[in-house]
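Grab a pencil and work through these exercises with the model open beside you. Each one sets a task and then walks through a solution.

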Amino acid sequence: MPSWDCSDSGGSASSPYALLFNALALIPLWHYLLGSLIVAVVVLYNFLEIHFLEDLFSGFRGSTVGLTHHPSSHLYDGVVSKCRVLHGRYLATPWLSSPHIQTVFLNFHGRPPAFSYRRQLFHAPDGGTIALDWLMSCDVSGGALHTNSFISKNDTTPIMVVVPGLTSDSASAYIKHLAFSTAKHGWNVVISNHRGLGGVSITSDCFYNAGWTEDIRVVVNYLHSEYPVAPLFAVGTSIGANILVKYLGEDGENIPVAGAVALCSPWDLLLGDRFISRRLVQKFYDRALTIGLQGYAQLHQRRYSRLANWEGIKTSRSIRDFDNHATCLVGKFETVDTYYRHCSSTSYVGNVSIPLLCISALDDPVCTKEAIPWDECRANKNVVLATIKHGGHLAFFEGITASGLWWVRAVEEFLDVLHSSPYMHVQKKMQNSGPHSSLDSAIDQGPYVNVTDGMVSAMCNEQNGDDMVEELPEKLQKFHDEKDKEIVSDVNQDRHLTGAKDDDALPDIAETSKKAASVQDAEHHDVISPVRRCLQLLSRQNRWSMWLLAYIAIMTSWPLVGSALQIFVRKKLRNVLPAALLRTNNVK
């Protein structure tokens with residue numbers, strides 16, 4: 001048999017690696033460049049979660065909107081079922097077919113419409129200042145700007161209140177898209193900026209955070225009192241959506257809002273914190289938001305240095321670090337997880353009692369889909385959840401030029417159909433924000449704030465906190481005036497029945513009036529007179545409530561009282577029966 005000689009002419013074995021390198025050297029350089037480019041594109045395609053090929057293979061038909069609701073939901077049957085946008089398809093702009101590209105494009109460009117707001121400074125009861133930026137329907141109608149007109153008391157034009165997100169204010173691109181489109185539709189829009197945003201300084205030690213609902217509560221109540229016949233609708237975005245849903249769940253039916261929309265809410269802040277620090281791409285968002293918060297803290301360094309850990313704020317590398325050194329210290333939270341649990345809106349969804357539409361993207365790079373409360377939304381007849389496969393965080397660009405946002409059309413159509421339907425919420429109870437006041441609550445204090453400073457124009461109508469007064473002293477004073485009138489009227493009636501003349505009655509009336517005045521003067525010197533008057537007023541207004549409480553007290557204490565009576569009766573019978581038997585025996 002022939003033998004193979006594996007040695008070369010020099011007698012040394014050939015190196016396989018040398019042969020491989022020699023073969024690779026024969027491949028042209030541009031082939032390597034092309035292969036590297038293909039590998040980079042594949043890695044980048046998956047890293048940025050691009051879905052262009054998915055849209056291409058589907059014929060650019062887009063994806064349907066998933067609607068989650070209660071089987072017998074009147075909101076879905078009477079309102080959402082008539083919304084063509086929510087029952088249509090959404091196709092992202094082809095050159096923005098990535099949630100990350102859409103989100104970055106929205107924040108750095110966004111193509112917002114050009115217009116100017118009207119600034120109104122609202123003073124909260126705790127001394128804080130809130131910038132309310134208005135855009136009227138007349139400001140954008142016909143292309144003319146009417147700077148001298150404002151809303152009248154009897155104006156029935158609907159008002160949309162917008163609560164921005166964590167790093168947003170009235171100057172943000174998506175807020176401008178929503179405000180301009182809604183105003184063009186004929187509504188009035190007011191953006192309730194968070195404290196310290198839009199070029200307004202922080203004027204109190206009370207900061208807002210992800211669960212701070214007092215600002216939206218006082219602003220909504222103020223707008224309802226100023227424009228009582230104008231329907232109020234609320235829209236919250238990102239952290240603003242979390243605040244809005246929490247506010248709706250806290251107040252239930254006792255709220256003057258006719259309908260609301262929550263966009264891209266984080267829902268569960270604890271899950272959101274885990275999500276934003278999980279992957280490399282999410283850590284970019286975490287770091288970017290942290291830099292923004294640090295920039296905001298720098299603008300208000302004087303208060304943060306006094307209330308929080310300033311050195312910790314400067315060295316924060318994540319939102320969690322910032323919350324640990326700022327939010328927890330200002331809000332007096334024990335831990336960051338405690339703050340996240342208390343301020344999450346998921347547990348409040350079941351208590352929402354007004355029509356609420358929730359919109360979320362399943363590929364949201366900031367707010368994870370794992371936190372979406374599917375079951376809670378399905379169990380509440382007042383809530384409809386709309387989920388879209390793509391869209392990013394508050395982006396949803398559509399059209400070949402990315403000139404519009406899909407969710408703006410969806411919100412506008414939903415609120416328009418709701419406004420013309422009988423399913424608008426109407427407040428049935430009197431406004432009473434006392435039990436919900438969170439000025440002393442650790443949950444609602446903390447520097448979870450915004451960064452962007454919006455440029456606005458035109459200053460007008462400044463709201464003073466002195467206008468917000470308690471109604472109870474006025475009611476008590478009216479109650480005493482009515483009592484004095486009753487005393488005089490009773491004297492006149494007695495005189496008339498006895499046939500006395502008017503001249504004879506005048507001294508008695510004067511004497512009685514003097515007695516009433518002396519009694520009233522004595523009550524003013526009495527320390528406990530305000531308490532007595534308050535109890536009298538409450539007893540008159542809540543008579544049925546007192547009887548109901550008495551009935552409940554009797555029914556709840558009856559088992560204990562019945563057991564005690566049973567034991568007492570048994571003891572008596574034991575003592576009485578032997579004596580009766582003894583008398584019977586003696587008689588026999």
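Helices (H or I, at least four residues) and strands (E, at least two) are DSSP runs here, numbered from the N terminus. You're looking at a predicted model, where local features need pLDDT of at least 70, side-chain atom pairs count only at pLDDT 80 or more, and totals for chains, interfaces and linings use all residues. Residues are numbered from 1 along each chain as its sequence is written, and side-chain values use heavy atoms, with hydrogens and water left out.

**Exercise 1. Place Ser 170 and say whether it is buried or exposed.**

Step 1: find the element. Ser 170 sits in the loop between strand 6 and helix 7 (173–184).

Step 2: apply the cut-offs. Buried means under 20% relative accessible area, exposed over 50%, and partly exposed in between (1.4 Å probe, protein chains only). Ser 170 comes out at 1%, so it is buried.

Step 3: look across the chain. Trp 134 is 36 residues away from Ser 170 in sequence, and their C-alpha atoms are 9.4 Å apart.

**Exercise 2. Which residues does Ala 173 contact, leaving aside neighbours within four places in sequence?**

Step 1: Ala 173 belongs to helix 7. Its relative accessibility is 10%, so Ala 173 is buried too.

Step 2: contact means heavy atoms within 4.5 Å. With that rule, Ala 173 meets Leu 106, His 109, Gly 110 and Pro 112.

Step 3: check a C-alpha distance into that stretch. Ala 173 and Phe 108 are 65 residues apart along the chain, with 8.8 Å between their C-alpha atoms.

Step 4: zoom out. Of the protein's contacts between residues at least 6 apart in sequence, 79% join residues at least 24 apart.

**Exercise 3. Work out how strand 4 and strand 5 pair.**

Step 1: two strands pair if DSSP finds at least two bridges between them. Strand 4 and strand 5 (residues 129–135) have six, in the antiparallel sense.

Step 2: pick out a facing pair. His 123 is opposite Thr 129 in strand 5.

Step 3: inspect the turn. Five residues lie between the strands of this hairpin, and Gly 127 has a positive phi near 100°.

Step 4: ask how covered strand 4 (residues 118–123) is. Five of its six residues are buried.

**Exercise 4. Describe the surroundings of Gly 196.**

Step 1: Gly 196 lies in the loop between strand 7 (188–192) and helix 8 (214–226). At a relative accessible area of 4%, Gly 196 is buried.

Step 2: skip residues up to four places away in sequence, and Gly 196 touches Ser 201, Ile 202, Tyr 296 and His 300.

Step 3: from Gly 196 to Ala 131, 65 residues apart along the chain, the C-alpha separation is 8.5 Å.

**Exercise 5. Compare three salt bridges by their partners' exposure.**

Step 1: a salt bridge is a side-chain nitrogen of Lys or Arg within 4 Å of a carboxyl oxygen of Asp or Glu. The whole structure has 21 of them.

Step 2: take Glu 226 and Lys 153, at 3.9 Å from N to O. This pair ties together distant parts of the chain: Glu 226 is in helix 8, while Lys 153 is 73 residues away in the loop between helix 6 (137–140) and strand 6 (159–163). Glu 226 is partly exposed at 26%, and Lys 153 is partly exposed at 44%.

Step 3: now Asp 273 and Arg 274, at 2.9 Å from N to O. Asp 273 is buried at 11%, whereas Arg 274 is partly exposed at 37%.

Step 4: finish with Arg 378 and Asp 375, at 3.1 Å from N to O. They're separated by about one helical turn because they are three residues apart in helix 16 (residues 374–379). Arg 378 is partly exposed at 37%, and Asp 375 is exposed at 55%.

Step 5: look for shared partners. Glu 214, Arg 217, Lys 246, Glu 250 and Asp 251 are joined into one network by salt bridges that share partners.

**Exercise 6. Sum up the overall make-up of the protein.**

Step 1: count the elements, and you get 21 helices and 14 strands.

Step 2: tally burial, and 45% of the 588 residues are buried.
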